[in-house]
Amino acid sequence: MTTAVTGATGQLGAHVIAELLWRGVAPTEIVAVVRDADKAADLAAQGVQVRVADYSDPAALRATLAGVDKLLLISGNDVGRRIDQHTNVIEAAELADVKLIAYTSVLKADTSGLLVAPEHLATELRLTASSIPAVFLRNGWYWENYFAAIPQAIESGKLFGAAGEGRIAAATRADFAAAAAVVLTTEDHGGKVYELGGSDRITYAEFAQVISAASGEPVEYQDLPEAEYAAVLSAAGLPEEFATMLSTSDAGIARGELDTDSGDLQKLIGRPSTPVADAIKPALG
């Protein structure tokens, strides 16, 4: 049984490969699909098959997926081009007679108002139309998304956002990777939709309290209107497009779009997700 992971040297993909190896999958039965073989030298040294393909190169994808039984399609990061890129991967998988595709989507993709949701939903619809059974791993937010903001919050004493009293059920990349590895190494997941969120479902005000307790410095949450928060992010040096994405994501949190009580993540990995206080330790220095 050969399992392929796209984006295998990315932050999520690397965790998935590590989880597969930890779960006893033979390195020779893992295909790491990467854009740069040099970045996967450590995987090759462990015996993992490293194959080079870009999401925009259908021919390379077809060659890369030859002989693959299960595929984890990790969503690309080229926002605006992902529908075509993901379709290239799916079509290559169909030609290769892959038996299962797991796709990393976003929480509540079919109802979400997040800017990233439409491309995820379009990919889900294409997978639904495919002859290959698919499973949707609708990941919530990563706690790592806040690592850049945490030192600034500690220094200023303010955690800025536009999430109001909305709750966020984030988890670590390692938690989501563990769920993906379970799906890839066990059976009966085809056709399933997993709404994946963390065990700590907290508001930003509560998040500020966690940062304060972990750092020993007073931090409080300051809620801003969405446009004002985007302006603050831009003034801090973030590109305007990225600042807009973050501010609209906070608006989604206020609407409840990044919160879930499904318990799907916990059921898959057999434990609670990493506590937020532990998850943010790398950002504390």
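Contact means heavy atoms within 4.5 Å. This cut-off applies wherever a helix is said below to touch a strand or another helix. The structure treated in these exercises is a predicted model.

**Exercise 1. State which strands helix 5 lies across and at what angle it runs to strand 5.**

Solution. Step 1: helix 5 comprises residues 117-128. Step 2: the strands beneath this helix are strand 5 and strand 6, the latter formed by residues 134-139. Step 3: the angle between helix 5 and strand 5 is about 160°.

**Exercise 2. Determine the order of the strands in the open sheet, and explain why strand 3 and strand 8 each have one side without a neighbour.**

Solution. Step 1: strands of a sheet pair through backbone hydrogen bonds, either parallel or antiparallel. Step 2: here seven strands are arranged in the order 3-2-1-4-5-6-8, with parallel pairing. Step 3: strand 3 (49-52) and strand 8 (193-196) are the edges of the sheet, and each has a single partner strand, so one side of each remains without a neighbour. Step 4: on average, neighbouring strands of this sheet are turned by 20° against each other, direction ignored.

**Exercise 3. Describe the pairing of strand 1 with strand 4 and with strand 2, and the directions in which the residues of strand 1 point.**

Solution. Step 1: strand 1 (residues 3-6) runs parallel to strand 4 (residues 70-73), and three bridges join them. Ala4 has Leu71 of strand 4 as its bridge partner. Step 2: strand 1 also pairs in the parallel sense with strand 2 (residues 30-34), over four bridges. In that pairing, Val5 is opposite Ala32. Step 3: in a regular strand the side chains alternate between the two faces of the sheet. In strand 1, Thr3 and Val5 point one way, while Ala4 and Thr6 point the other way. Step 4: all of these residues are buried, a class that requires under 20% relative accessible area.

**Exercise 4. Classify the packing of helix 4 against helix 5, and identify the residues that make the contact.**

Solution. Step 1: two packed helices are described by the angle between their axes and the distance between the axes. Step 2: the axes of helix 4 and helix 5 come within 9 Å and cross at roughly 20°. Angles under 35 degrees count as roughly parallel, and helix 4 is therefore roughly parallel to helix 5. Step 3: the crossing of these two helices is right-handed. Step 4: helix 4 contributes Arg82, Ile83, His86, Thr87, Ile90, Glu91 and Glu94 to the contact, and helix 5 contributes Glu119, His120, Ala122, Thr123, Arg126 and Leu127. Step 5: sorted by class, the contact has four nonpolar, four polar and five charged residues.

**Exercise 5. Give the geometry and the composition of the contact between helix 9 and helix 10.**

Solution. Step 1: helix 9 (residues 226-235) packs against helix 10 (residues 240-254) at an angle of about 145°, and the axes are 8 Å apart. Step 2: the crossing of helix 9 and helix 10 is right-handed. Step 3: on the side of helix 9, the residues are Glu226, Tyr229, Ala230, Leu233 and Ser234. They meet Glu240, Ala243, Leu246, Ser247, Thr248, Asp250 and Ala251 of helix 10. Step 4: by class, this contact has six nonpolar, three polar and three charged residues.

**Exercise 6. Locate Lys108 and Asp188, and state the phi value and the accessibility of each.**

Solution. Step 1: most residues other than glycine have a negative phi. Step 2: Lys108, which is not a glycine, has a positive phi near 55°. Its place is in the loop between strand 5 and helix 5, and with a relative accessible area of 24% Lys108 is partly exposed. Step 3: Asp188, likewise not a glycine, has a positive phi of about 70°. Asp188 is in the loop between helix 7 (173-185) and strand 8. Its relative accessibility is 66%, so Asp188 counts as exposed.

**Exercise 7. Identify the covered and the uncovered face of strand 7, and describe its pairing with strand 9.**

Solution. Step 1: strand 7 comprises residues 158-161. Leu159 and Gly161 form its covered face, whereas Lys158 and Phe160 form the uncovered one. Step 2: strand 7 pairs with strand 9 (residues 220-223) in the parallel sense, over four bridges. Step 3: within this pairing, Leu159 is opposite Tyr221 of strand 9.

Note on methods
Residues are numbered from 1 along each chain as its sequence is written. This is a predicted model: local features need pLDDT of at least 70, side-chain atom pairs count only at pLDDT 80 or more; totals for chains, interfaces and linings use all residues. Side-chain values use heavy atoms; hydrogens and water are left out. Two strands pair if DSSP finds at least two bridges between them. Axes are lines fitted to C-alpha atoms, for helices over the stretch in contact, and angles run from 0 to 180 degrees between N-to-C directions. Angles under 35 degrees count as roughly parallel, over 145 as roughly antiparallel, 65 to 115 as roughly perpendicular and the rest as oblique. A crossing is left-handed if the near helix is turned anticlockwise from the far one by less than a right angle, and right-handed if clockwise. Ala, Val, Leu, Ile, Met, Phe, Trp, Tyr, Cys and Pro count as nonpolar, Asp, Glu, Lys and Arg as charged, and the others, Gly among them, as polar. Buried means under 20% relative accessible area, exposed over 50%, partly exposed in between (1.4 Å probe, protein chains only).
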